[in-house]
Amino acid sequence: VGAFDRALGSPDPRKSLFRTARDTRWSRDKSPYKANFGLSLNPEGRTRSALSSYYVHVEPNNCAVAAGAYMLDADLLKTVRDGIVMDFDEFSAIISKRDFASKIGDLVRDEDALARVPAGFDKNSPAAEYLKLRHFYVSVPLSDAEATSADFVKKAAALFKVMHPFNRFLNGIISKKTAPEKPSGGKAQPDKFHGFLDMEY
């Protein structure tokens, strides 16, 4: 994945994997392990990140690869909505591209999507349906056979490559809130991720 998304660098697998052990202290279900395996790849190199990420989910009869931003806080949620409105032509071009539309599809509309366009946004905006979302991600389901096949990594990477412009678009918006602050009396030193966002590749 890093071959086409240079902002990823070389993530530490130990920090990219979601834990499989469950905290059972206050649960009636004392089974020690989750039924799923999860992996998140993003420029911060950790699972708990506000950045748009690539995600692998392996679970019996529920495998998938996905990309996007999930469970954003209120400020970042508004920032992403503002960014989509401001650059809707670019956003629309990314998700309407033939490869993306045929292999990935539209953004996922979860049950917690709003019924109406949120306050402060034009209900007649061409982006109206996307403004109702609380999470901004796409997901491609895979069969158990596909997820356990010898060429799974190759297949997942190929799908992530198609998702890359979508991730890059979202992170270009999110970075406005997460960029390093300018220190007193000097220029801000951009980290690796924000430096890569300024590059064309």
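Rings of Phe, Tyr and Trp count as a pair if their centres lie within 6.5 Å. In this predicted model, that rule yields eight aromatic pairs, and F88, F91, Y130 and F169 come together as one aromatic cluster.

Take F91 and Y130 to begin with. Their ring centres are 5.1 Å apart and the planes stand at 75 degrees, so this pair is edge-to-face. F91 belongs to helix 3 and Y130 to helix 5, so the contact ties together parts 39 residues apart in sequence. F91 has 0% relative accessibility and therefore counts as buried. Y130 is buried as well, at a relative accessible area of 11%.

F91 also pairs with F169. Here the ring centres sit 5.6 Å apart with planes at 45 degrees, so the geometry is tilted. Since F91 is in helix 3 and F169 in helix 7, this pair links parts that are 78 residues apart in sequence. F169, at 6% relative accessibility, is another buried residue. Y130 has a charged partner too: R109 lies over the face of the Y130 ring, 5.2 Å from the ring centre.

Now for the wider setting. The protein chain has eight helices and four strands, and from the N terminus on the elements follow the order α-β-β-β-α-α-α-α-β-α-α-α. Buried residues account for 38% of the 201 residues in the chain. Of the contacts between residues at least 6 apart in sequence, 62% join residues at least 24 apart.

The four strands make an open sheet in the order 1-2-3-4, with antiparallel pairing. Strand 1 (37–41) and strand 4 are the edge strands, each pairing on one side only. Neighbouring strands are turned by 15 degrees against each other on average, direction ignored. At one end of the order, strand 1 and strand 2 run antiparallel and are joined by five bridges; S40 has Y55 of strand 2 as its bridge partner. At the other end, strand 3 and strand 4 pair in the antiparallel sense over seven bridges, and A67 has V138 of strand 4 as its bridge partner. Although strand 4 is an edge strand, strand 4 is mostly covered, with five of its seven residues buried.

Sheet and helices meet in the largest nonpolar core. This core holds 45 residues, and V65, F91, L107, F136 and F166 are the ones touching the most other members. At least two core residues come from each of strand 2 (53–58), strand 3 (63–69), helix 2 (74–86), helix 3 (88–96), helix 5 (128–131), strand 4 (136–142) and helix 7 (152–178). Helix 7 gives the most, with 11 residues.

V65 shows how these parts come together. Leaving aside residues up to four places away in sequence, V65 touches Y55, V56, V138, S139, V140, L142, F152, A156, L159, F160 and M163. Y55 and V56 fall within the range of strand 2, V138, S139, V140 and L142 within strand 4, and F152, A156, L159, F160 and M163 within helix 7. Two of these contacts of V65, Y55 and V138, turn up again in the sheet, where Y55 is the bridge partner of S40 and V138 that of A67.

Definitions and conventions. Residues are numbered from 1 along each chain as its sequence is written. This is a predicted model: local features need pLDDT of at least 70, side-chain atom pairs count only at pLDDT 80 or more; totals for chains, interfaces and linings use all residues. Side-chain values use heavy atoms; hydrogens and water are left out. A nonpolar core is a set of buried Ala, Val, Leu, Ile, Met, Phe, Trp, Tyr and Cys residues joined through side-chain atoms within 4.5 Å. Buried means under 20% relative accessible area, exposed over 50%, partly exposed in between (1.4 Å probe, protein chains only). Contact means heavy atoms within 4.5 Å. Two strands pair if DSSP finds at least two bridges between them. Axes are lines fitted to C-alpha atoms, for helices over the stretch in contact, and angles run from 0 to 180 degrees between N-to-C directions. Rings of Phe, Tyr and Trp (its six-membered ring) pair if their centres lie within 6.5 Å; planes under 30 degrees apart count as stacked, over 60 as edge-to-face and the rest as tilted. A charge sits over a ring if NZ of Lys or CZ of Arg is within 6 Å of the ring centre and within 35 degrees of the ring normal.
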